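Biologist: Hello! I would love a guided tour of this structure before I go back to the bench. Could we take it one question at a time?

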Amino acid sequence: MSIQAASIDPEEIARFSALSAEWWNPAGSFRPLHRFNPVRLGYIRDAVAAHYRRDPLAPSPLAGLGLLDIGCGGGLAAEPMARLGAAVVGVDASEKNIGVARHHAAESGLAIDYRCTSAEALAASGAQFDVILALEVVEHVADPAGFFRCLGQMLKPGGILIGATLNRTPKAYALAIVGAEYILRWLPKGTHDWKKFLKPHELAKLMRDAGLNVSAVAGASYDPLSEKWSITRDTGVNYLMVAVRR
C-alpha cells in the first residue's frame, strides 16, 4: 500500500517497514526505544493527567479521552495508552507496521483502532482528539510544517499535544548517530538524518503556527552506566514538548 501525502517520505517509510518485525523485540533494532519507553510514557501520563485534572495513579487515568498516536509504528506507545483507559487511534504510513501493531494488540486483548493512512487524510476526514502524541516522528516526515498544521486541526480546542524528537546539536550527532548507529549499533545505520533534527525553538514555532501554545519542555537523558533514561533539563539530545490548542 502506498500512501501519497506531502508529509510522507517514501524512503523513511521503506526503512521502517523493513524493520517491522523488530518492533516488539526488546533486544532488536528498537532496543533503545524499549529502554526509553517507560520514562517517556510516565511523562506523557503525568502531563495528560495534570492537564485534564486526573489522578495519574488511578487505574484508568485517561478514561474517556480520545487519543491519536501519529507515526505509531508497532504500537509501543499506543498499547500503554490504551491500558491507561484512552480510546486510541494509531496511525502509520507503513502497512507492515500497522499489521504488526494490529497483531500484537489482538494478542494482548486490546481494542486499538489502527489505520494505515497519513496525517493529511485523517485531518481531512474531520477526526478530532483530546490528546495527540507525535513521538520520534517529526524527524522522519517530509513536510514538518504541514504535518503539524494537520495535527493542530485534529486537536480539540483545549486539547493537549505531546511531541518528542531529537535536537540538532553536535552532541545529538555524536550520541544518536555516531554512537547509537555506528559504534554501539543499537540502531541500523541510516535510521536518522541529523539535518532533519529540530531545535526546541524550531519545534515550538511549528506548534505555534499550528495554533498551539507550548506549555512545557523537558529533556530526556541516558546514563550508560546504569543503562537508564530519566527526565532532565538537558534538551541537548532527546526532548519532549507539551502544547495546548488555543
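**A walk around helix α8 and beyond**

Modeller: Happily, and please keep in mind that this is a predicted model. Let us start on the outside of one helix: the face of α8 turned away from its buried side carries the exposed residues H201 and D209.

Biologist: Which residues of helix α8 are buried, then?

Modeller: Helix α8 covers residues 200-209. A residue counts as buried when its relative accessible area is under 20%. In α8 that group is L203, A204, L206 and M207.

Biologist: Within what arc do the buried residues of α8 fall, seen down the helix axis?

Modeller: The buried residues line one face of α8. They do so because, seen down the axis, they fall within an arc of 155 degrees.

Biologist: And what do the buried residues of α8 pack against?

Modeller: Their partners include one helix, α6 (144-154). The other partners are strands, namely β5 (155-166), β6 (212-223) and β8 (238-245).

Biologist: Which residue just after α8 takes a positive phi?

Modeller: Look just past the end of the helix for a phi of about 90 degrees. The residue with that value is G211.

Biologist: Let me step back to the whole chain. How does its radius of gyration sit against the globule rule?

Modeller: The chain has 8 helices and 8 strands. For 246 residues the globule rule gives 18 Å, and the chain comes close to that, so it is as compact as a globular protein of that length. Its radius of gyration is 17 Å.

Biologist: What share of the contacts with a separation of 6 or more joins residues 24 or more positions apart?

Modeller: As background, 54% of the 246 residues count as buried. For the contacts you ask about, residues 24 or more positions apart account for 69%.

Biologist: How far apart are the mean positions of the positive and negative charges?

Modeller: The chain has 26 positive and 24 negative charges. The mean positions of these two groups are separated by 4 Å.

Biologist: Now for single residues. Is D130 buried or exposed?

Modeller: D130 has its place in strand β4 (residues 129-135). Leaving aside neighbours within four places in sequence, its contacts include Y52, G64, L155 and K156. Its relative accessibility is 13%, and the cut-off is under 20%, so D130 counts as buried.

Biologist: Another aspartate caught my eye. How far is D193 from I177, C-alpha to C-alpha?

Modeller: D193 lies in the loop between α7 (170-183) and α8, and it is partly exposed, with a relative accessible area of 29%. D193 and I177 are 16 residues apart along the chain. Their C-alpha atoms are separated by 8.2 Å.

Biologist: Which residue in the loop between α2 and β1 has a positive phi?

Modeller: Most residues other than glycine have a negative phi. In the loop between α2 (31-51) and β1 (66-70), one residue other than glycine has a phi near 55 degrees. At 78% relative accessibility this residue counts as exposed. It is R53.

Biologist: Where does E136 lie?

Modeller: E136 also has a positive phi, near 50 degrees, in a residue other than glycine. Its place is in the loop between β4 and α6.

Biologist: One last distance, please: how far apart in space are R53 and Y173?

Modeller: In sequence they are 120 residues apart. In space, C-alpha to C-alpha, R53 and Y173 are separated by 38 Å.

Notes. Residues are numbered from 1 along each chain as its sequence is written. This is a predicted model: local features need pLDDT of at least 70, side-chain atom pairs count only at pLDDT 80 or more; totals for chains, interfaces and linings use all residues. Side-chain values use heavy atoms; hydrogens and water are left out. Helices (H or I, at least four residues) and strands (E, at least two) are DSSP runs, numbered from the N terminus. The radius of gyration is taken over C-alpha atoms; the globule rule is 2.2 Å times the number of residues to the power 0.38. Buried means under 20% relative accessible area, exposed over 50%, partly exposed in between (1.4 Å probe, protein chains only). Contact means heavy atoms within 4.5 Å. Lys and Arg count as positive and Asp and Glu as negative; His and the chain ends are not counted. The place of a charge is taken as NZ of Lys, CZ of Arg, CG of Asp or CD of Glu. The arc is that of the directions from the helix axis to the C-beta atoms.
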